[in-house]
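Let's take a walk through a protein together, one helix at a time. Have a look at the sequence and the 3D picture, and then read on.

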Amino acid sequence: MGLPLTEPVVVTEKLSSVNLNEFLPENETPFQYGDRIEYSMLQTQDRLAQLDLKNQKAGYLPKVFLTSTYGYSTGRPQFGDLLTKPWFNAATVGFSIQVPIFDGFAKKYKIIQAANSVQKIKENFNFLQNSIDLQVKQGQITLKNAYETLQEQKHNMDLAKEVVRVTKIKYEQGVGTNLELVNAESSYKEAQNNYFATLYNVLIAKVDLDKAKGKLFVE
């Protein structure tokens, strides 16, 4: 977890508050590729690459520059006239046009390079989507198997608990032995351990699935 050994860890939720029915496939929430941080970063790269391609293509367009100035001048030879004589205003307006003619194919190759970057990002999108789909599918299968195993372990635990109850009655009525009761209780403890171990696997599988969907830290 990356926490110091002296840092206290407080569990704020109880295991009993976990609704296992939410883990069923039919109760899964849909996901979007954009929930994954890798996909969001790739989307940003794609937007930047598209802008760069447009910018390179715009290099063939003519450029128009507009300039203007406005100011005051005394036009007087004497320094003392700065305050005593009126000032003259002057303004200029001009524009220029630059038309690209030939640059040694520099723009052409820059456009090709920018287009290749855009295509590469598209291929990365396809690769990442396939990778996310695989991770989600594997997570769903793992969670489904773990959940089904949990139901079996729950049945085994309930059955072992019932055996303990019946064995106690037999022992209290004198028709059962102490060894039978010890064995029944031992089997029940083992069934409990198996159940909680499987429950742990279910929770881990759910976390892995949420991570694959990009929802691990989404509230």
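Let's begin with helix 4, whose 36 residues reach 53 Å from the first C-alpha to the last, close to the 52 Å expected at 1.5 Å a residue. Keep in mind as you look that this is a predicted model. Right after helix 4 comes Gly 214, and its phi is positive, near 75 degrees.

Before leaving this part of the chain, find Asp 210, which belongs to helix 4 (residues 178-213). Is Asp 210 buried or exposed? Its relative accessibility is 18%, and buried means under 20%, so Asp 210 counts as buried. What does Asp 210 touch, if we do not count residues up to four places away in sequence? The answer is Lys 215 and Leu 216.

Now turn to helix 3, to which we can apply the same kind of ruler. Helix 3 has 67 residues, so at 1.5 Å a residue it should span 99 Å. The C-alpha atoms at its ends are 97 Å apart, which agrees with that expectation. Just after helix 3 you will find Gly 174, which takes a positive phi of about 85 degrees.

How do these two helices sit against each other? Two packed helices are described by the angle between their axes and by the distance between those axes. For helix 3 and helix 4, the axes come within 7 Å and cross at roughly 160 degrees. Angles over 145 degrees count as roughly antiparallel, and helix 3 and helix 4 are therefore roughly antiparallel to each other. Their crossing is left-handed. Sorted by class, the residues of the contact of helix 3 with helix 4 divide into 21 nonpolar, 14 polar and 8 charged.

A few single residues can help you find your way here. Thr 167 is part of helix 3. With a relative accessibility of 10%, Thr 167 falls under the 20% limit and so counts as buried. Which residues is Thr 167 in contact with, leaving aside its neighbours within four places in sequence? They are Glu 180, Leu 181 and Ala 184.

Glu 172 also has its place in helix 3. Its relative accessible area is 66%, and exposed means over 50%, so Glu 172 is exposed. From Glu 172 to Asn 201 there are 29 residues in sequence, and the two are 38 Å apart in space, C-alpha to C-alpha.

Another residue to look for in helix 3 is Asn 124. Asn 124 has a relative accessible area of 33%, so it is partly exposed. Asn 124 and Ala 212 are 88 residues apart in sequence, and their C-alpha atoms are 17 Å apart in space.

Our next stop is helix 1. Helix 1 (residues 37-57) packs with helix 3 (residues 106-172) at an angle of about 160 degrees, and their axes are 9 Å apart. That angle makes helix 1 roughly antiparallel to helix 3. The crossing of helix 1 and helix 3 is left-handed. On the helix 1 side, the residues making the contact include Tyr 39, Leu 42, Ala 49 and Leu 53. On the helix 3 side, among them are Ile 111, Val 118, Phe 125 and Asn 124, the residue we have already visited. By class, the contact of helix 1 with helix 3 has 11 nonpolar, 6 polar and 5 charged residues.

We can finish in the loop between helix 1 and strand 1 (63-73), where Ala 58 is found. Ala 58 has a relative accessible area of 33%, so it is partly exposed. How far apart are the C-alpha atoms of Ala 58 and Lys 107? These two residues are 49 residues apart along the chain, and their C-alpha atoms are separated by 9.5 Å.

Notes
Residues are numbered from 1 along each chain as its sequence is written. This is a predicted model: local features need pLDDT of at least 70, side-chain atom pairs count only at pLDDT 80 or more; totals for chains, interfaces and linings use all residues. Side-chain values use heavy atoms; hydrogens and water are left out. Axes are lines fitted to C-alpha atoms, for helices over the stretch in contact, and angles run from 0 to 180 degrees between N-to-C directions. Helices (H or I, at least four residues) and strands (E, at least two) are DSSP runs, numbered from the N terminus. Angles under 35 degrees count as roughly parallel, over 145 as roughly antiparallel, 65 to 115 as roughly perpendicular and the rest as oblique. A crossing is left-handed if the near helix is turned anticlockwise from the far one by less than a right angle, and right-handed if clockwise. Contact means heavy atoms within 4.5 Å. Ala, Val, Leu, Ile, Met, Phe, Trp, Tyr, Cys and Pro count as nonpolar, Asp, Glu, Lys and Arg as charged, and the others, Gly among them, as polar. The expected span of a helix is 1.5 Å times one less than its number of residues. Buried means under 20% relative accessible area, exposed over 50%, partly exposed in between (1.4 Å probe, protein chains only).
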